[in-house]
Amino acid sequence: MNSPNTGYKRKRGFSIIELAVVVTVISTIAALGVPRFAQVKNRTEATTIANDLRIFTQAVELYNIMQGSFPRFLSLDSIPEDINEMLPNIWKDGSYNWHYYSSTAYTYIYIYNLQFSAEQGLIFDETVDDGNITKGKVRITYDGGFVYLFENNVGV
C-alpha cells in the first residue's frame, strides 16, 4: 500500500542530533590529543637544549684535555679558538644567555632565561645527568635555567 501524500517533502541532510554527536566525538578526540602535543613539545625543547649543552661541554672538556686545564675565561666575546671551532653559532650569537666560570675548585656553565617548566627541567636532567635535580652535574635554578658542573678537582 502506498501511504497518502501529505505534502511534506523530507529534506536530505543531517539532523541536529547527528551534528551534536559528530561535534562531541571531534571535541573528545581533540581534548585527548592536545595534552599529548604539549608533552611532545616540552620533551623536544628540553632534548634540543640538552644536545646543545652536550656539544658545549664536549668542546670545553676537549680543551681541558688538550691544554691541561679548563679555560679561565669564556664568554660570547672571549672564546678560545680551539673551542670556537667546535661550537655551533647558537653558543656564539646570543641565542643562549650563559655565564661560564672556572677556578681551581670548580668550573660551571650557567644557562639562564630558558623559561623551563618543572617537567622540562626533569626531562633535561634525565637526558644530561641522573634525573635528580638536587644532585649530580646539573642543577635546575629558580629562574627556569640550570647550572652544569664540570668534573674537575673532584673531592675539593
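A residue is called buried when its relative accessible area is under 20%. By this criterion, Q120, G121, I123, F124 and D125 of helix α3 are buried in the present model, which is a predicted one. The cover over these buried residues of α3 includes α1, β3 (138-140) and β4. For F124, contacts with residues more than four places away in sequence comprise A46, I49, A50, L53, F116, V138 and F146.

F124 also belongs to the largest nonpolar core, which holds 27 residues. Together with F56, W98, I109 and I111, F124 is among the residues that touch the most other members of this core. Two or more core residues are given by each of α1 (16-67), β1 (97-102), β2 (107-112), α3 (118-128) and β4 (146-149). Of these elements, α1 provides the largest share, with eight residues.

Helix α1 is also the location of I17, a residue that takes part in a nonpolar patch on the surface. The patch is formed by I17, V21, V25 and I29 and covers about 400 Å². The relative accessible area of I17 is 64%, which is over 50%, and I17 therefore counts as exposed.

Aromatic side chains were examined next. In total, 13 aromatic pairs are present in the structure. In one of them, formed by F70 and F150, the ring centres lie 5.4 Å apart and the planes meet at 55°, so the arrangement is tilted. This pair joins distant parts of the chain, as F70 lies in the loop between α1 and α2 (81-84) and F150 in the segment after β4, with the two positions 80 residues apart. F70 and F150 are both buried.

A further tilted pair is made by Y101 and Y106, whose ring centres are 5.7 Å apart and whose planes stand at 45°. Y101 has a relative accessibility of 31% and is therefore classed as partly exposed. Y106, at 42%, is likewise partly exposed. Thus the F70 and F150 pair consists of buried residues, whereas the pair of Y101 and Y106 involves partly exposed ones.

Aromatic residues are also grouped beyond single pairs. F56, W91, Y96 and W98 make up one aromatic cluster. Two of its residues, F56 and W98, are also listed among the core residues that touch the most other members.

Technical notes. Residues are numbered from 1 along each chain as its sequence is written. This is a predicted model: local features need pLDDT of at least 70, side-chain atom pairs count only at pLDDT 80 or more; totals for chains, interfaces and linings use all residues. Side-chain values use heavy atoms; hydrogens and water are left out. A nonpolar core is a set of buried Ala, Val, Leu, Ile, Met, Phe, Trp, Tyr and Cys residues joined through side-chain atoms within 4.5 Å. Buried means under 20% relative accessible area, exposed over 50%, partly exposed in between (1.4 Å probe, protein chains only). Helices (H or I, at least four residues) and strands (E, at least two) are DSSP runs, numbered from the N terminus. Contact means heavy atoms within 4.5 Å. Patches are made of residues with over 30% relative accessible area and no salt bridge: like charges are joined within 9 Å, nonpolar side chains (Val, Leu, Ile, Met, Phe, Trp, Tyr) within 5 Å. Accessible areas come from the Shrake-Rupley method with a 1.4 Å probe; for residues, only the protein chains shown count as cover. A salt bridge is a side-chain nitrogen of Lys or Arg within 4 Å of a carboxyl oxygen of Asp or Glu. Rings of Phe, Tyr and Trp (its six-membered ring) pair if their centres lie within 6.5 Å; planes under 30 degrees apart count as stacked, over 60 as edge-to-face and the rest as tilted.
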